[in-house]
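Reader: Hi there! I'm new to this one, could you walk me through it?
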Amino acid sequence: MSAGVNADEFLDPFWSVVRRRHPDLDIVILPPARPRPAESSQPRRAPGPFARMQMEDMDELWATVVDRGLPRRNVQWIPGPTHDSVRHTVTLTLDEVGRVAGISHLREAVTVLKNDGWEVFTPPTGMPRLVADRPGELGDESLLFGYAPEQRRLFARLTSTGLPVDDRQARALIGGAA
């Protein structure tokens with residue numbers, strides 16, 4: 001600030017008081033987050049075939065990397081990047097997986113995903129896991145693949161890119177949460 005300009009003039013009454021009482025704090029007021037765009041401006045697509053394709057992709061990945069057991073499956077629709085879009089999630093979990101096998105599956109997944117064009121990140125701490133994403137038509141497609149040693153559980157969650165549908169269909173698929 002230049003001489004003669006009081007920084008408190010630019011703060012609302014609440015933050016002015018905080019600033020006076022705590023001069024050691026740096027206060028940064030950010031503008032409100034931009035709302036997600038209302039329209040995707042893309043042609044509408046049918047959710048059924050899209051969901052089947054996502055489940056087939058997940059089954060193929062699981063068969064390539066794990067190739068054992070029958071995992072539990074949880075499928076749901078979640079809000080997409082625009083008001084007229086949704087994302088599809090497929091979560092597979094398999095219990096009674098030993099630590100050596102669980103970590104081995106994660107290592108195999110890194111190679112398979114990188115070869116398939118995914119950007120893969122393996123956090124150095126915490127639960128053994130990888131996070132992967134790749135660009136889609138309407139936002140990124142993402143994958144979380146991990147191993148919970150205490151539960152002896154291997155899990156993978158694929159979240160699709162946005163699927164353009166109309167507002168009404170988005171609300172129906174999500175259950176009114178759009």
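Author: Happily! Let's begin with the strands: β5 and β6 (residues 153-159) run antiparallel and are joined by seven bridges. Strands here are DSSP E runs of at least two residues, helices are H or I runs of at least four, both numbered from the N terminus, and two strands pair if DSSP finds at least two bridges between them.

Reader: Is this model predicted or not, and what are the ground rules?
Author: This is a predicted model, where local features need pLDDT of at least 70, side-chain atom pairs count only at pLDDT 80 or more, and totals for chains, interfaces and linings use all residues. Residues are numbered from 1 along each chain as its sequence is written, and side-chain values use heavy atoms, with hydrogens and water left out.

Reader: Back to β6, then. Which residue stands opposite L154 there?
Author: That's Y147. The hairpin of β5 and β6 has four residues between the strands, and R152 takes a positive phi near 55° in that hairpin.

Reader: And what does β4 pair with?
Author: β4 (residues 129-136) pairs with β5 (residues 139-148) in the antiparallel sense, over eight bridges. These two form a hairpin with two residues between them, and D133 stands opposite S142 in β5.

Reader: Cool. New topic: which element gives the largest share of the lining of the largest pocket?
Author: α2 does, with five residues. The lining includes D57, M58, W118 and R134. By class, seven of the lining residues are nonpolar, one is polar and four are charged.

Reader: What counts as nonpolar, charged or polar?
Author: Ala, Val, Leu, Ile, Met, Phe, Trp, Tyr, Cys and Pro are nonpolar, Asp, Glu, Lys and Arg are charged, and the others, Gly among them, are polar.

Reader: And what is a pocket?
Author: On a 1 Å grid over the protein atoms alone, using a 1.4 Å probe, a pocket is an open set of points with protein on both sides within 12 Å along at least five of seven lines; lining residues have an atom within 4 Å of a point.
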